[in-house]
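Here's a quick walk through a few spots worth finding in the viewer. Keep the sequence open next to the structure as you read.

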Amino acid sequence: MANWPWPRRINPFFKEVKVEADEWFRSFNALSPKSLKAFEKCDFGWYSSVLSAMPPLSKSSLSTARLSALAYPDASREHLRIACDLMIVYFIVDEYTDVEDAERTAEIVNIIIDALNNPYRSRPEGELILGEVIRQSVNLSSLRSWSPIILLQILDDFTTYLRAVIVEAGDRDKNVTRDIQGYLSIRRGTVGAQSAFAIFEFDLSLIDEVYYHPAVTELIDCAAELVLIDNDLASYNREQGTGDENHNLVTAIMFELGLDRSGAMSWAAAYHTEIEAKFINGLLRLPSWGATLDEQIKQYLNGIANWARANYCWSYEGQRYFGNRGGEIEKTRLVPILSKARRGPNMREQNVVVADLWP
């Protein structure tokens, strides 16, 4: 991202919204104390520029709050809270399903979809806690602020993400390694970027003629692809440490092209540069829909372009992927290979182990 024109920015409401989001998530006891600590550890440090601008933050800040604040630097306080809730949901769904087979993953997905579509209905007693997490995330935040059109779009995109998670679990059951295009066809769903991008539409009135124009959808696909590539490069070491590396672009490249890890990462970096250029050139070819709509689509596209920058920055600022060595690794590009983590058969749902692999 060295030449990406969108610089790092962070939302000024980050600190206060973080406190609310942290409290809300902890109230569910969705993770064991050990895993909660690892989950929260992702937001350990601040760069000096942020330290000089704001008071110090708790070492237990949720990584999701930081990611949301970087991804939506211009969002209102209310919309930032919605974004934090959405990111929490993505991460906890990821943690719960990554250790399940396809059958149990499908059951979890059905609970989530039911909760999404019935936010005012109490969840059944004894149900997996994710149902209540999802219900509250929609009930407390979404329905107050989202227009029906945006809400339906987010729910549809989120359901697409969930269905892709089931396919990922099926691959995991069969120990499938896909080629590059086969992998990308699934990963474009599991990355979940489309529903995250929809938050940029809160203050806009984009009509279908603009939003679904081929020139615009191509740019949306490019931004999502950049998020995908950066996330897979950053997460590969953690995923190989937890035994889940088959669902990663680096593995797909190694499998298809016969490259080693370093060669595969270089290939992915070159592909990233290609997509960056495609996005920049695509912006120059956008048609005009009149001054008002042109300004709105410009605002939306700037938002999703910033999302790509935010994802990259968060990967090194949080501790999810590189522990407290993110700044060092961002500079040197040298990543020590992590040892394999052990997962027992009972380490599921509330007892899932959110791996804290870095010393």
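## Two pockets, a short helix and a buried glutamate

The second largest pocket has a volume of about 350 Å³. It is lined by 18 residues, and if you want to click your way to its centre, go for Asp74, Ala75, Phe200, Gln299 and Gly303, the closest ones. Helix H15 chips in the largest share of this lining, with four residues. One thing to keep in mind while you look around: this is a predicted model.

Now for the largest pocket, which holds about 740 Å³ of space. Its lining counts 27 residues, and the ones nearest the centre are Leu233, Met265, Ala269, Tyr316 and Arg333. Which helix gives the most to this lining? That's H14, with eight residues. H12, H14 and H15 (291–317) each supply at least two residues here.

Here are the two pockets next to each other:

| Pocket | Volume | Lining residues | Lining by class |
|---|---|---|---|
| Largest pocket | about 740 Å³ | 27 residues | 17 nonpolar, six polar, four charged |
| Second largest pocket | about 350 Å³ | 18 residues | nine nonpolar, six polar, three charged |

Next, take a look at helix H13, which spans residues 249–257. Which of its residues are buried? They are Leu249, Val250, Thr251, Ala252 and Ile253. What do these buried residues pack against? Their partners are helix H9 (180–190), helix H12 (214–241) and helix H14 (261–284). Two of those names should ring a bell, as H12 and H14 also help line the largest pocket.

Both ends of H13 have a detail to zoom in on. At the start, Asn248 points a side-chain oxygen at the backbone nitrogen of Val250, coming within 2.8 Å. Just after the helix, Gly258 adopts a positive phi of about 70 degrees.

Last stop: Glu168, which you'll find in helix H8 (residues 148–173). Is this residue buried or exposed? Glu168 counts as buried, because its relative accessibility is 7% and the cut-off for buried is under 20%. As for its neighbours, leaving aside residues up to four places away in sequence, Glu168 touches Asp98, Thr190, Asp244 and His247. Thr190 sits within the 180–190 range of H9, one of the helices that the buried residues of H13 pack against.

Methods
Residues are numbered from 1 along each chain as its sequence is written. This is a predicted model: local features need pLDDT of at least 70, side-chain atom pairs count only at pLDDT 80 or more; totals for chains, interfaces and linings use all residues. Side-chain values use heavy atoms; hydrogens and water are left out. Buried means under 20% relative accessible area, exposed over 50%, partly exposed in between (1.4 Å probe, protein chains only). Contact means heavy atoms within 4.5 Å. A polar contact is a pair of N or O atoms within 3.5 Å; within protein, one must be able to donate a hydrogen and the other to accept it, and residues adjacent in sequence count only if both atoms are side-chain atoms. On a 1 Å grid over the protein atoms alone, a cavity is a set of points where a 1.4 Å probe fits but cannot get out, and a pocket is an open set with protein on both sides within 12 Å along at least five of seven lines; lining residues have an atom within 4 Å of a point. Grid points are joined across faces, edges and corners, and a volume is the space filled by probe spheres set on the points. Ala, Val, Leu, Ile, Met, Phe, Trp, Tyr, Cys and Pro count as nonpolar, Asp, Glu, Lys and Arg as charged, and the others, Gly among them, as polar.
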